[in-house]
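Please find below my notes on the model, set out as numbered points for discussion at the bench. They concern charged pairs, helix packing, loop geometry and surface character.

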Amino acid sequence: PKSTIVITSRPSAGVQQHTEPDCLMHIMGFSPQHVKKYVQQYFSIVGKLEQAEALLRTLNESQVVIDLIHTPIFLLFVCVLWEEETVMTTGTTTGLYNSLLTDLVRKHCKREGVDMPTDGLPAEVAGALLQLGKLALEVLLRNETTIDVAEAEKANMNWELLLKLGVVSMEMSASRLHPRKQLNFSHKTMQEFLAGRYAAHAVVDQDIVELLQLTSISNALELSNLLQF
């Protein structure tokens, strides 16, 4: 009776429609001042401060990117890509994640001494990412955000390669009696991106309504972020 329950969710989850919370808070995200400070600190740390002002000028010219970088994780991705390319080639969430994925693979190939194809991804990496996308979709449909390593091994997925890429990280489940190794995504949108990427590949041979279990409007709304990818 004296417990305090904290529920965190996206606004679209409609928590207030199912409960009567004593307090409701909304995370506003980064302000323009926060964005400027973050960008300057990032490039100061990596020793490339001159790139900060150039990126800030570019960000001010793209309304779509401005909308994305209110979320800190997206701003980090933009900084990482700008540090590598010094060019903003995308103004969509899908384009941002595609660029990030390509950059992660490029760095992996450089570390491992593997040639990076000029068009597409190395076959082993491409296969592992599609398998990850399939499992990402399956757990997403179960309203889960982690993948058990045992489940990944059952699917013959090269999860160790995915850890090296930095697409997922390893963590232990919260259970003390039956702890399990789990693969965790850096952000739920990364899970949705990889699941959407797999879905785009799978719908060639499978009906999207069946694949995504779109049996009602509410189901479609719950998967709205995935469908955007």
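1. Asp 103, Arg 106 and Lys 107 are joined to one another in a network of salt bridges. The model is a predicted one, and the structure as a whole holds 7 salt bridges. Within this network, the closest N and O atoms of Lys 107 and Asp 103 are 3.5 Å apart. Both of these residues belong to helix α6, where a separation of 4 residues places them about one turn of the helix from each other.

2. Is Asp 103 buried or exposed? Its relative accessible area is 1%, so Asp 103 is classed as buried, the cut-off for that class being under 20%. Lys 107, its partner, has a relative accessible area of 31% and is therefore partly exposed. Apart from neighbours within four places in sequence, Asp 103 is in contact with Val 80, Leu 81 and Glu 84.

3. Helix α5 covers residues 72–85 and includes Val 78. Val 78 has a relative accessibility of 2% and so counts as buried. Its C-alpha lies 19 Å from that of Gln 228, with the two positions 150 residues apart in sequence.

4. Helix α6 (residues 93–112) also packs against helix α10 (residues 188–202): their axes come within 11 Å and cross at roughly 90°. The two helices are therefore roughly perpendicular to each other, because angles of 65 to 115 degrees fall in that class. On the α6 side, the contact is made by Thr 94, Tyr 97, Asn 98, Leu 100 and Leu 101. On the α10 side, the residues are Thr 189, Met 190, Phe 193 and Arg 197.

5. A further salt bridge links Glu 138 and Lys 134, with the closest N and O atoms 2.7 Å apart. Both residues lie in helix α7, 4 residues apart, which is about one turn of the helix. Glu 138 is partly exposed, at 28% relative accessibility, and Lys 134 is likewise partly exposed, at 37%.

6. The side chains of Glu 151 and Arg 142 also form a salt bridge, with an N to O distance of 3.5 Å. Glu 151 has a relative accessible area of 22% and is thus partly exposed. Arg 142 is partly exposed as well, with a value of 40%. As general background, side chains of opposite charge can pair when their charged atoms come close.

7. Two asparagines deserve a check of their backbone geometry. Asn 143 has a positive phi of about 60°, although it is not a glycine. This residue sits in the loop between α7 (123–141) and β1 (146–148), and its relative accessible area of 67% makes it exposed. Asn 156 has a phi near 60°, again a positive value in a residue other than glycine. Asn 156 is placed in the loop between α8 (149–154) and α9 (159–165), and at 65% relative accessibility it counts as exposed.

8. Which residues form a nonpolar patch on the surface? The patch consists of Val 203, Ile 208, Val 209 and Leu 227, which together have about 270 Å² of accessible area. Ile 208 is part of helix α11 (residues 208–211). With a relative accessibility of 36%, Ile 208 is classed as partly exposed.

Technical notes
Residues numbered from 1 in each chain as written. Predicted model: local features only at pLDDT ≥ 70, side-chain atom pairs only at ≥ 80, totals over all residues. Heavy atoms only, no water. Patch = residues over 30% accessible without salt bridge, like charges linked within 9 Å, V, L, I, M, F, W, Y side chains within 5 Å. Areas by Shrake-Rupley, 256 points an atom, 1.4 Å probe, with all protein chains shown as cover. Salt bridge = Lys/Arg side-chain N within 4 Å of Asp/Glu carboxyl O. Buried < 20%, exposed > 50% of the residue type's maximum accessible area, 1.4 Å probe, protein only. Axes fitted to C-alpha atoms, helices over the stretch in contact; angles between N-to-C directions. Parallel < 35°, antiparallel > 145°, perpendicular 65-115°, else oblique. Contact = heavy atoms within 4.5 Å.
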